[in-house]
Structure formats: structure tokens, C-alpha cells
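Grab a coffee and work through these exercises with the model open beside you. Try each task before you read its solution.

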Amino acid sequence: MKKNKFKTFIKGKLVDFVIIDENFVKNTDWFDWINHTYNTQFMTEGNYPNTKSHQMKYFKDEILSNKRIQFGVVLKANNELIGIMGLHRINLTNRDAFLTTFFNKKNKIPNSLKVFYETHNIMINYGFKKLNLRRIISTTISKELDKLICKVLKFKSEGVMKKKFFKNNKYHDLYISSVFKGS
């Protein structure tokens, strides 16, 4: 894949958060990440094939319409797109939103725990400081990932929805945790 010129929105130490626009959708392989089970094993997505035209529709319906805020995550060391992060189901009355994280596991990320920590802190700080949210919620079907989020990012476990999602021929529990502004 050719090197892209990304439009930086938030600068970090190890990564930059870049703007997702039509050129981003057209010129990256982001659409194809969802087609690989190694990327979606702990996600509810990935049951249907995804194409560039599906991704463009998603961009127009969800991102361009401001239903969600989403950024590309670019590793500064090599200008490589390694993930997508954002906030969705933003509720300005309750001042909360759900965190979305999607990394392409095909990429070997140096300092991966530091990158995990930095990317999530950038997104959480953006939600609290720029959007004036008071609570950010995380959900996953991986108990281990939920524990990591609670330990590393100081989220608090809120509960489990038993047998909530069907994936890989069985129902999985959904683990829910959140972090509050100022905690």
C-alpha cells in the first residue's frame, strides 16, 4: 500500500489521530480489516463481508452525519495506519458515549502496551475535555480485555450481560465497564 498523507487532528507522542474523510476511505485498506477473524474475534462485527463501497456508505451514514466521532490512528514511527478509534452513541443529555477501538492485528506494533495506553487516553481526554462528557463506556466479549481496560485505564466494571452476542457458533457474555470524568 502506498504511503498516505494523513490529516492530523490530535498529535500524540507515539501516534497521531487523523481525520477520516473520503480520501481516507478510498486510499486505505481499513475496509478490509473487518474481513479477517484475527481482527474481529472479540468484536460483534465481522459476520458479513465488507467492501470499500460498504465502508464509504458507513463513512457517509455514520461519520459524516456526526452520529459518531471516529479517527484513524497512525503510528508516528512509520506513518502507518494501525487502528481506528472513536466515540459512538453519544448522548449529550446524559453526557456519555461508548468507546470504539479497532486495531489491525496484522500490524506488529512496537511498544504495543504504551500505544494502547496512549491511544485510549487521547480518546478519553478528547471525550471529557472537548465534548464535555462525564462518562465513557467500554464493552467487549473478552473477559481478559475487560480486565486489562479496568487495570490499565482505570475503568470500573459495571456488569455482564449474559449470553448477549452470537459469535463463532455460540453466545458470549458482554462485559461492560466505564470511566467517569475526574476519576
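One rule to keep handy: angles of 65 to 115 degrees count as roughly perpendicular, and those under 35 degrees as roughly parallel. Also keep in mind that this model is predicted.

**Exercise 1. Two helices**

Task: Work out how H5 and H6 are oriented to each other, and which residues meet where they pack.

Solution:
- Step 1. Two packed helices are described by the angle between their axes and the distance between those axes.
- Step 2. Find helix H5 at residues 112–130 and helix H6 at residues 143–153. They pack at an angle of about 75 degrees, and their axes are 11 Å apart.
- Step 3. Check that angle against the rule: H5 and H6 are therefore roughly perpendicular to each other.
- Step 4. Now look at the contact. H5 brings Phe116, Tyr117, His120 and Asn121, while H6 brings Leu148, Ile149, Val152 and Leu153.
- Step 5. Sort that contact by class, and you get six nonpolar residues, two polar ones and no charged ones.

**Exercise 2. The sheet**

Task: Trace the order of the eight strands and pick out the edge strands.

Solution:
- Step 1. Strands of a sheet pair through backbone hydrogen bonds, in either a parallel or an antiparallel way.
- Step 2. Walk across the open sheet and you'll read E1-E2-E3-E4-E5-E6-E8-E7, with mixed pairing.
- Step 3. Strand E1 (8–11) and strand E7 (156–167) each pair on one side only, which makes them the edge strands.
- Step 4. On average, neighbouring strands of the sheet are turned by 30 degrees against each other, direction ignored.
- Step 5. Bring back H6: this helix lies across strand E6 (135–140), E7 and strand E8 (170–180), and runs at about 10 degrees to E8.

**Exercise 3. Three hairpins**

Task: For the hairpins E3 and E4, E4 and E5, and E7 and E8, find the turn residue with a positive phi.

Solution:
- Step 1. Start with strand E3 (residues 68–75) and strand E4 (residues 80–91), an antiparallel pair with eight bridges. Valine 74 is bridged to leucine 81 in E4, and glutamine 70 to glycine 86. Four residues separate the strands, and asparagine 79 in the turn has a positive phi of about 55 degrees.
- Step 2. Move on to E4 and E5, which run antiparallel and share seven bridges. Leucine 87 has leucine 99 in E5 as its bridge partner. Four residues lie between these strands too, with arginine 95 in the turn at a positive phi of about 60 degrees.
- Step 3. Finish with E7 and E8, which are antiparallel and joined by eight bridges. Here phenylalanine 165 is partnered by histidine 172 in E8. Two residues link the strands, and asparagine 168 in the turn shows a positive phi of about 55 degrees.

**Exercise 4. The largest pocket**

Task: Say which strand gives the most to the lining of the largest pocket, and describe that lining by class.

Solution:
- Step 1. The largest pocket holds about 1,500 Å³ of space.
- Step 2. Its lining has 44 residues, and Met43, Glu45, Thr100, Thr101 and Phe102 lie nearest the centre.
- Step 3. Strand E5 (residues 96–103) gives the most to this lining, with six residues.
- Step 4. By class, the lining has 23 nonpolar, 16 polar and five charged residues.

Notes. Residues are numbered from 1 along each chain as its sequence is written. This is a predicted model: local features need pLDDT of at least 70, side-chain atom pairs count only at pLDDT 80 or more; totals for chains, interfaces and linings use all residues. Side-chain values use heavy atoms; hydrogens and water are left out. Two strands pair if DSSP finds at least two bridges between them. Axes are lines fitted to C-alpha atoms, for helices over the stretch in contact, and angles run from 0 to 180 degrees between N-to-C directions. Contact means heavy atoms within 4.5 Å. On a 1 Å grid over the protein atoms alone, a cavity is a set of points where a 1.4 Å probe fits but cannot get out, and a pocket is an open set with protein on both sides within 12 Å along at least five of seven lines; lining residues have an atom within 4 Å of a point. Grid points are joined across faces, edges and corners, and a volume is the space filled by probe spheres set on the points. Ala, Val, Leu, Ile, Met, Phe, Trp, Tyr, Cys and Pro count as nonpolar, Asp, Glu, Lys and Arg as charged, and the others, Gly among them, as polar. Angles under 35 degrees count as roughly parallel, over 145 as roughly antiparallel, 65 to 115 as roughly perpendicular and the rest as oblique.
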